[in-house]
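The following exercises concern aromatic contacts and sheet architecture in a predicted model. Each task is followed by a stepwise solution.

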Amino acid sequence: MLKQIYHVGLTVKDIDKSIYFYKNILGLSFVGEMIMEGKETDLLFNRENCKARVAYLNGSDKISAPPVELIQFLNEESTEFDTPSLFKTSISELCFYTEDIEKLYKHLLDNNVKCLSEPQYFDFSNYGFGKSKAIYFKDPDGIILEAIEPIL
């Protein structure tokens, strides 16, 4: 029935600030944006008078790589904001592949991005997953993001 992930959606407070972060700090390509409103939007989101600004950014030209969808609900009463956490039931993080995690880490720090730690080394070879370096960091809304550099 399901074939692939089509996109990963993130609800944000300020879509312009988020577009800047994902495009200029993380280097994703801006694909475009739209306004969603009307009967179908109300039904889809199960909210009356729902209006949303939606933007898409993609980090790859490959069809199989799902874009990041940023959603800002324009009716303030439509959106509830919570503190993102790795330790509660939800999507815990959005993970990106990187070829140089140390360079990315320095870039994040240089741009005042909150990092949960410096890059950490993991060896899960005995589980069949190999070796990697990973880091968690936060976007402008505090949404937790991860970057992984596989170690060959």
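**Exercise 1.** Identify the aromatic cluster to which Phe122 belongs.

Solution. Phe122 joins Phe124 and Tyr127 in one aromatic cluster. In total, the structure contains 4 aromatic pairs.

**Exercise 2.** Classify the geometry of the pair formed by Phe21 and Tyr22, and decide whether each residue is buried or exposed.

Solution. Step 1: a pair of aromatic rings is described by the distance of the centres and the angle of the planes. Step 2: the centres of Phe21 and Tyr22 are 5.2 Å apart, and their planes make 85°. Step 3: planes over 60 degrees apart count as edge-to-face, and the pair of Phe21 and Tyr22 is edge-to-face. Step 4: buried means under 20% relative accessible area. Phe21, at 6% relative accessibility, is therefore buried; Tyr22, at 0%, is therefore buried.

**Exercise 3.** Determine which residue lies over the face of Phe81.

Solution. The residue is Lys13, at 5.2 Å from the ring centre of Phe81.

**Exercise 4.** Describe the sheet that contains S5, S8, S7 and S6, and place helix H3 relative to this sheet.

Solution. Step 1: the 4 strands form an open sheet with mixed pairing, in the order S5-S8-S7-S6. Step 2: strand S5 (94-97) and strand S6 (120-124) are the edge strands, each pairing on one side only. Step 3: neighbouring strands are turned by 30° against each other on average, direction ignored. Step 4: S5 and strand S8 (residues 144-151) run parallel and are joined by 4 bridges; Leu94 stands opposite Leu145 in S8. Step 5: helix H3 (residues 101-110) packs on the sheet, where H3 touches strand S7 (130-138) and S8. The direction of H3 makes about 10° with that of S7.

Definitions and conventions
Residues are numbered from 1 along each chain as its sequence is written. This is a predicted model: local features need pLDDT of at least 70, side-chain atom pairs count only at pLDDT 80 or more; totals for chains, interfaces and linings use all residues. Side-chain values use heavy atoms; hydrogens and water are left out. Rings of Phe, Tyr and Trp (its six-membered ring) pair if their centres lie within 6.5 Å; planes under 30 degrees apart count as stacked, over 60 as edge-to-face and the rest as tilted. Buried means under 20% relative accessible area, exposed over 50%, partly exposed in between (1.4 Å probe, protein chains only). A charge sits over a ring if NZ of Lys or CZ of Arg is within 6 Å of the ring centre and within 35 degrees of the ring normal. Two strands pair if DSSP finds at least two bridges between them. Helices (H or I, at least four residues) and strands (E, at least two) are DSSP runs, numbered from the N terminus. Axes are lines fitted to C-alpha atoms, for helices over the stretch in contact, and angles run from 0 to 180 degrees between N-to-C directions. Contact means heavy atoms within 4.5 Å.
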